[in-house]
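Here are a few short exercises to work through with the model open on your screen. Try each one before you read its solution.

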Amino acid sequence: MRFAPRKTVAMTAVLIVGLLVAWIGFSGRTLPLGLSIPFGISIVLCFLVWIIGARIVHVAFRET
């Protein structure tokens, strides 16, 4: 984390959020309002979180 600590922390947060989405689908837990995410859909959502989140981080921390 010597070269870009803020970007590294942001990318780590995106990674953790994606893993949490996958874990919710794997565990079969119900979310508030009685919603649950099937495992296959949670994996797709996990990858979407990673792809879109990484793009947002790269754009937000772009050097001008």
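**Exercise 1. Place glycine 40 and say how open it is to solvent.**

Start with the element: glycine 40 sits in helix α2. Keep in mind that this is a predicted model. Next, look at the surface: the relative accessible area of glycine 40 is 45%. Buried means under 20% and exposed means over 50%, so glycine 40, at 45%, counts as partly exposed. Last, try a distance: from the C-alpha of glycine 40 to that of arginine 6 you get 32 Å, with the two positions 34 residues apart along the chain counted as their separation.

**Exercise 2. Do the same for isoleucine 41, then find the patch that includes Ile41.**

Isoleucine 41 belongs to helix α2, which covers residues 39–60. Its relative accessible area is 47%, so isoleucine 41 is partly exposed by the 20% and 50% cut-offs. Now move along the chain: alanine 54 is 13 residues away, and the two C-alpha atoms are 20 Å apart. As for the patch, Ile41 joins Val44, Leu45, Phe47, Leu48, Ile51, Ile52 and Ile56 in a nonpolar surface patch of about 750 Å². One of these, isoleucine 52, is also placed in helix α2. For the spacing, a rule helps: an α-helix has 3.6 residues a turn, so residues three or four places apart point the same way.

**Exercise 3. Check whether the length of helix α1 agrees or disagrees with 1.5 Å a residue.**

Helix α1 takes in residues 5–27, which is 23 residues. The expected span is 1.5 Å times one less than the number of residues, so α1 should span 33 Å. The end C-alpha atoms of α1 are 32 Å apart, which agrees. After α1 comes glycine 28, with a positive phi near 75°.

**Exercise 4. List the buried residues of α1 and name an element that covers them.**

The buried residues are Ala10, Val14, Gly18, Val21, Ala22 and Gly25. Their cover includes α2.

**Exercise 5. Describe the protein as a whole: what are its helix count, its radius of gyration and its spans?**

Count the elements: two helices, zero strands. Then compare radii: the protein has a radius of gyration of 14 Å, whereas a compact globule of 64 residues would be near 11 Å. The C-alpha trace spans about 45 × 20 × 20 Å along its principal axes. Finish with burial and surface: 19% of the 64 residues count as buried, and carbon and sulfur atoms hold 73% of an accessible surface of about 5,100 Å².

Definitions and conventions:
Residues are numbered from 1 along each chain as its sequence is written. This is a predicted model: local features need pLDDT of at least 70, side-chain atom pairs count only at pLDDT 80 or more; totals for chains, interfaces and linings use all residues. Side-chain values use heavy atoms; hydrogens and water are left out. Helices (H or I, at least four residues) and strands (E, at least two) are DSSP runs, numbered from the N terminus. The radius of gyration is taken over C-alpha atoms; the globule rule is 2.2 Å times the number of residues to the power 0.38. Buried means under 20% relative accessible area, exposed over 50%, partly exposed in between (1.4 Å probe, protein chains only). Accessible areas come from the Shrake-Rupley method with a 1.4 Å probe; for residues, only the protein chains shown count as cover. Patches are made of residues with over 30% relative accessible area and no salt bridge: like charges are joined within 9 Å, nonpolar side chains (Val, Leu, Ile, Met, Phe, Trp, Tyr) within 5 Å. A salt bridge is a side-chain nitrogen of Lys or Arg within 4 Å of a carboxyl oxygen of Asp or Glu. Contact means heavy atoms within 4.5 Å.
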